[in-house]
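Here's a walk through one structure, written to be read with the model open beside you. Grab your viewer and follow along.

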Amino acid sequence: MKQGVQKFGKFLSAMVMPNIGAFIAWGFITALFIADGWIPNAGLASIQPYMLYYLLPILIAGQGGKLIAGDRGMVMGAIAVMGCIAGVGGTDGQPMLMGAMVIGPFAGWVIKKFDKAMEGHMPAGFEMLINNFSIGILGMIVAIIGYYLIGPVMTAILAVLTAGVDVLINHGLLPLAAIFIEPAKVLFLNNAINHGIFTPIGAEQAAATGKSIMYMLEANPGPGLGVLIAYMLFSKDKMTKDSAPGAIIIHLFGGIHEIYFPYILMNPIVIIAPIVGNIAAIFWFVLMGCGLKGPASPGSIIAFMSMCPKDKMVVTLVGVLIATVISFLIASPIVRMAGSKNLDDAQKQMSDMKAQAKGTASAGVQLDGVKELSAVKKIVFACDAGMGSSAMGATKFRNRLKASRPDLTVINTSVDNIPADCDIAVVQTTLQERARKSAPQAQLVTIGNFLADPNLDDLFMQLTTGDSAITNDTAAGITEPIQKTVQNAIKKEVINADGVALNLAPVTKEEAIRRAGELLVKQGCVEPAYVDAMLDREKLVTTYMGMGLAIPHGTTQAKGTVKKTGIVFTQYPEGVDFGEEKAQLVIGIAGIGDEHLELLSKICEALEDEEVLEKMKTTNDVDWILKTLS
């Protein structure tokens, strides 16, 4: 049942979210130019009804048809919804937003069934005629159905829903909606309830009164903000505490509410805080007669306040503060008593929840082989709408990659519009089936959270070094004594004075890598075949790490040639050309099993101080080098 609701909710969201820009344009025209707007203008205000009654329903119906049957479904949906609009009297009736959500997918389904029936039966030379006339004739028929049936029925349903909302408001019960809204958000139904339910009802109210409280119920950033502040101040887990300030900025100003869901999942009882905070805020909004001119999407404080009538700015802001303060006061003692629960565990739980919703598990990252890695040029982060979490994830991953892989293009889009030249698509687990249909040529990387996920770390490692990182699942299966054994093994001597070569004259990249490999052979770390594997690795993906540092190492296939874990250090003060960059330090490494990953991490950690790194490039002090890298 829950899976069906989530699937239905995501479909509603997928129809509305790509068109939110049109809703915002309509909201701004309403807020600015109607009689009680910021700068009243009767002429410009006349645009507003045409957008509400015609543009928005056509866009939603077209998108609904497209989700079912591609471009042909989009045209069918746009034709069909005109029947609904005409059936209720155009601008004299009710806005057909909900009607569009019904007839658009229905029209797409009709043309999809027709196309499937015609497969293999299309007479040669008549393809264009049949394709065009089928849309024209079937679109007309569905529009007639919309005129006589769907339009009037949806008008009646909307009237009942609107009347129900009025009853809740008149009897002071609307605040109780928060009891359902906040848990539904954490179950990833936030877009569905906001744009699939509240936006159509809100549009009806806004058309009649110029504003609607329905736009405020889900989009208020205050409840989530209070929870994040509580974690920032009182969490006992350092990672969680340190991550909260960044999450606050993304939540409050970016409007991506999903960012605080893992903090709820860490301690599910914390859900009480946003529920009570939102109840108080909705009560305040009802009491003060508040409402927004249009939907606040994304739910940032910027969007929330920009849709606010000018005479309600202060009281609306007070409502956000009320939600924040009450949510914070309730969440704080819960967070204090919760111990040191880890954000990683909550994010994994979030990923598992999404996987269960589709009955699938994360496929992980499998990019093994020279052909696949060398061919990767474009990475696409995709979410439902392509505007929120995927944009945030793409930006973070792009910044993470730019020092070592500036050749890669990282963009974001909606899951249904992944471009044909995408090599790797990064999507949340629940969207993987849609991603496969949208981009069958792409390799999928499924994740639970766009900000921090083991599969993202694995993808980064493979793209920058060609190796696969140890996943959280693997680490979770390692017992504490074994972990200590691994840690102690890494602490053993991995470099000595014979493995250090300073003040070397410039050579080619290949010669520098070969020299480092031969030093590893002399140290007894590897067999001679490992040297060729280091050169193969460089052809696969550059081992230049940025800041004048390269860390060449062998391919995964060469693990059998490694005798012991070790490091060699070669210094080229004038630099060695690694593509467009020069490396003054070429540090060769070899590791037993997965110890080379630990070596990579430790070297980067040791050299993260720029002063230490710069000194490394020119120093003659071998003892200092050994001490720094030991």
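What follows goes through the helices, a few single residues and the two sheets of this model.

Before anything else, keep in mind that this is a predicted model.

**Helices**

Start with the pair H4 and H5. Helix H4 covers residues 47-87 and helix H5 covers residues 97-118, and their axes come within 9 Å, crossing at roughly 30°. That angle makes H4 roughly parallel to H5, because angles under 35 degrees count as roughly parallel. What sort of residues make up the contact of H4 with H5, by class? There are 21 nonpolar, 6 polar and 3 charged residues in it.

Next, look at helix H9, residues 222-234. Its 13 residues reach 18 Å from the first C-alpha to the last, close to the 18 Å expected at 1.5 Å a residue. The buried residues of H9 include Gly222, Pro223, Gly224 and Leu225 at the start of the list, and Gly226, Val227, Leu228, Ala230 and Tyr231 are buried too.

Helix H23 (residues 529-540) gets a similar length check. With 12 residues at 1.5 Å each step, H23 should span 16 Å, and its end C-alpha atoms sit 17 Å apart, which agrees. Among the buried residues of H23 are Tyr530, Val531, Ala533, Met534, Leu535 and Leu540. Charged side chains turn up in that buried set as well: Arg537 and Glu538 of H23 are both buried.

**Three residues to click on**

Tyrosine 231, one of the buried residues of H9, has a partner elsewhere in the chain. Its side chain is joined to that of asparagine 267 by a polar contact of 2.6 Å. Where does asparagine 267 sit? You'll find asparagine 267 in the loop between helix H11 (261-266) and helix H12 (272-287). Is asparagine 267 buried or exposed? With a relative accessible area of 6%, asparagine 267 is buried, because buried means under 20%.

Helix H12 itself holds valine 286. This valine 286 is partly exposed, at a relative accessible area of 26%. How far is the C-alpha atom of valine 286 from that of asparagine 170? The two are 116 residues apart along the chain, yet their C-alpha atoms are separated by 9.3 Å.

Then there's asparagine 503, which has its place in the loop between S5 and helix H22 (509-522). Its phi is near 55°, a positive value in a residue other than glycine. Asparagine 503 is partly exposed, with a relative accessible area of 45%.

**The parallel sheet**

Now for the sheets. One is an open sheet of 4 strands in the order S2-S1-S3-S4, and the pairing is parallel. Strand S2 (409-414) and strand S4 (443-447) stand at the edges; each has a single partner strand, so one side of each has no neighbour in the sheet. On average, neighbouring strands of this sheet are turned by 25° against each other, direction ignored.

Strand S3 (residues 424-428) is worth a slower look. It runs parallel to strand S1 (residues 378-383), joined by 4 bridges, and it runs parallel to S4 as well, with 5 bridges. Ile424, Val426 and Gln428 point one way from S3, while Ala425 and Val427 point the other way, and all are buried. That fits the tally for S3, where 5 of its 5 residues are buried. S4 is mostly covered too, with 4 of its 5 residues buried.

**The mixed sheet**

The other open sheet has 5 strands in the order S5-S8-S9-S7-S6, with mixed pairing. Its edges are strand S5 (500-501) and strand S6 (544-546), each with a single partner strand, so one side of each is left without a neighbour in the sheet. Inside this sheet, strand S8 (residues 566-578) and strand S9 (residues 581-590) pair in the antiparallel sense over 9 bridges.

If you'd like to check the pairings by eye, here are some bridge partners to pull up.

| Residue | Bridge partner | Strand of the partner |
|---|---|---|
| valine 380 | alanine 425 | S3 |
| valine 426 | valine 445 | S4 |
| glutamine 428 | isoleucine 447 | S4 |
| glutamine 571 | leucine 585 | S9 |

Technical notes: Residues are numbered from 1 along each chain as its sequence is written. This is a predicted model: local features need pLDDT of at least 70, side-chain atom pairs count only at pLDDT 80 or more; totals for chains, interfaces and linings use all residues. Side-chain values use heavy atoms; hydrogens and water are left out. Axes are lines fitted to C-alpha atoms, for helices over the stretch in contact, and angles run from 0 to 180 degrees between N-to-C directions. Helices (H or I, at least four residues) and strands (E, at least two) are DSSP runs, numbered from the N terminus. Angles under 35 degrees count as roughly parallel, over 145 as roughly antiparallel, 65 to 115 as roughly perpendicular and the rest as oblique. The expected span of a helix is 1.5 Å times one less than its number of residues. Buried means under 20% relative accessible area, exposed over 50%, partly exposed in between (1.4 Å probe, protein chains only). A polar contact is a pair of N or O atoms within 3.5 Å; within protein, one must be able to donate a hydrogen and the other to accept it, and residues adjacent in sequence count only if both atoms are side-chain atoms. Two strands pair if DSSP finds at least two bridges between them.
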